[in-house]
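Biologist: I'm new to reading models like this one. Could you take me slowly through one part of it, the sheet in the first chain, and then show me what lies around it?

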Amino acid sequence: MNLYDLRGASDLLSRLDDKDFDLFESLSSELKLTEDEQLFREHDDAKRFFIIESGIIALEAARPAKPATTIQTLGPGDLLGLSWRLTPHRWMWTARAMTDARLAVFDAAIMRAACEFDVDLDRLMWEIVAREASKRLHHARLQLLDLYGTG
Amino acid sequence: MVTLGNPVRMPLSDEPMLPRPFAVISKKQETFDTATLGFEAADGGPPLAFIPGQFTMIYVFGVGEVPISISGHPDHPEVLVHTIRAVGAVTNAICALEPGDSVGIRGPFGTGWPNAEGKDLLIVAGGIGLAPVRPLILTALEHRYRHFCLGLAYGSRTPSDLLYRDELNEWSDAGEMSVGVTVDRGDQDWRGDIGVVTPLVKRLRCETTETVAVICGPEVMMRIVARTLEDRGLAPENIYVSIERNMKCGIGLCGHCQFGSDFACKDGPVFPYKDVAYRLGIGAA
């Protein structure tokens, strides 16, 4: 799968016009992960962000003297990494591959520079990140309701 | 745009208030609190023919009677299959039954899932809500040619709360149906999705203007999923939900299950979402 195949499934890619899509395509590289491989670690510098092509990636919270807890998983088409856009550009969670996975990788510094240069792209990226953050907050709140416990 | 109209209905039996004796012939413990039981008519009468989505009233002698959705194959009604979660006195008593024990059963009652032949079929279930859609899944798989796309998104509390685990794997592995499963909380062995069910819906890629969506689970979940599907272009007319209320008589007489201007036992449990959206908290003034 390449970025063209992902375009329909990705909220980010589907919102790019052809010019911006070509920019993303030219700046992307591919990364393969094997099951259990750690992609990034909580509080490390957020130097990259990703769009998942295949596989499942877990966002984990470390706990002292206990196994990490998976807060949420992301799958094909999902944007992985929001912290690259928000100062201080440090990951809030650890990301680990739950299955073998393939990702499109983008360099955060280059993308931030592209956004500084293009105000429309900058606005779009803010909107996409804000929408994604809002969606994940909504999902986290729903999980807190423990819906399935009562029927 | 496809509009299918009302859920499927079938006539009541001649004596809908009279329980028939049934014997438990099989039992499978699905989870710590949920069991699937097979029942066979013990009066020599015909099996209970039903349509997917309907329910029966199961009477445990000396304990009480509860509505339970049918979860077996409608083409094989000779064994009446119910999956029951033990949450109260009667359901605890049902889950404690063993092969050879007897119960009284009335029904089947209520409306069934729509006939989606020739359309894409997207099924979204949460928790015990997988049981009422299992007959629909079994029918759709047996007549797979009737649907271009067939997808199931299923959400559960934890991996140990998943129903029909073997079947979920079979349905997925057979490649006849796109299956997505997610849990609110994983465990060390879980290698699947964690989170709410709505992202799975998107991933199944089974949403078109020709898609019929069937949703069964907690009402908050149904409301959120229906709204998500609407946002993604599905017509409310093609979205169906199953509403549970305190069904007692099963024929719309006693009023215990009144749901606005409807009775859940007679006018439901399957409703077109467009008819109940406001009652689920959407579009309320």
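Modeller: Sure, here is a walk through the sheet of chain A, followed by a glycine in a loop and the contacts with chain B.

Before we start, this is a predicted model, where local features need pLDDT of at least 70, side-chain atom pairs count only at pLDDT 80 or more, and totals for chains, interfaces and linings use all residues. Residues are numbered from 1 along each chain as its sequence is written, while chains are lettered from A and ligands numbered from 1 in the order in which they are written.

Now the sheet. In chain A, 4 strands make an open, antiparallel sheet, and their order is S2-S7-S4-S5. Strands here are DSSP runs of E with at least two residues, helices are runs of H or I with at least four, and both are numbered from the N terminus. Two strands pair if DSSP finds at least two bridges between them. At the edges sit strand S2 (38-40) and S5 of chain A, each pairing on one side only. From one strand to the next, the twist averages 40 degrees; for such angles, axes are lines fitted to C-alpha atoms, for helices over the stretch in contact, and the angles run from 0 to 180 degrees between N-to-C directions. Strands of a sheet pair through backbone hydrogen bonds, either parallel or antiparallel.

Zoom in on one pair: strand S4 (residues 57-63) of chain A and S5(A) run antiparallel over 6 bridges. There, A:Ala61 has A:Thr69 in S5(A) as its bridge partner.

Next, look at A:Gly81, in the loop between strand S6 (79-80) and strand S7 (94-97) of chain A. A:Gly81 counts as buried because 27 other C-beta atoms lie within 10 Å. The cut-offs are 20 or more such atoms for buried, 12 or fewer for exposed, and partly exposed in between, with C-beta atoms placed from the backbone. A:Gly81 and A:Leu59 are 22 residues apart in sequence and 9.9 Å apart in space, C-alpha to C-alpha. Leaving aside neighbours within four places in sequence, A:Gly81 is in contact with A:Ala46, A:Arg48, A:Phe49 and A:Phe50; contact means C-beta atoms, placed from the backbone, within 7 Å.

Finally, the other chain: 21 residues of chain A are in contact with 22 residues of chain B. On chain A's side, strand S5 (66-74) and helix H5 (119-144) each supply at least two residues. The edge strand S5(A) gives the most, with 4 residues.

Terms used:
Two residues are in contact if their C-beta atoms, placed from the backbone, lie within 7 Å.
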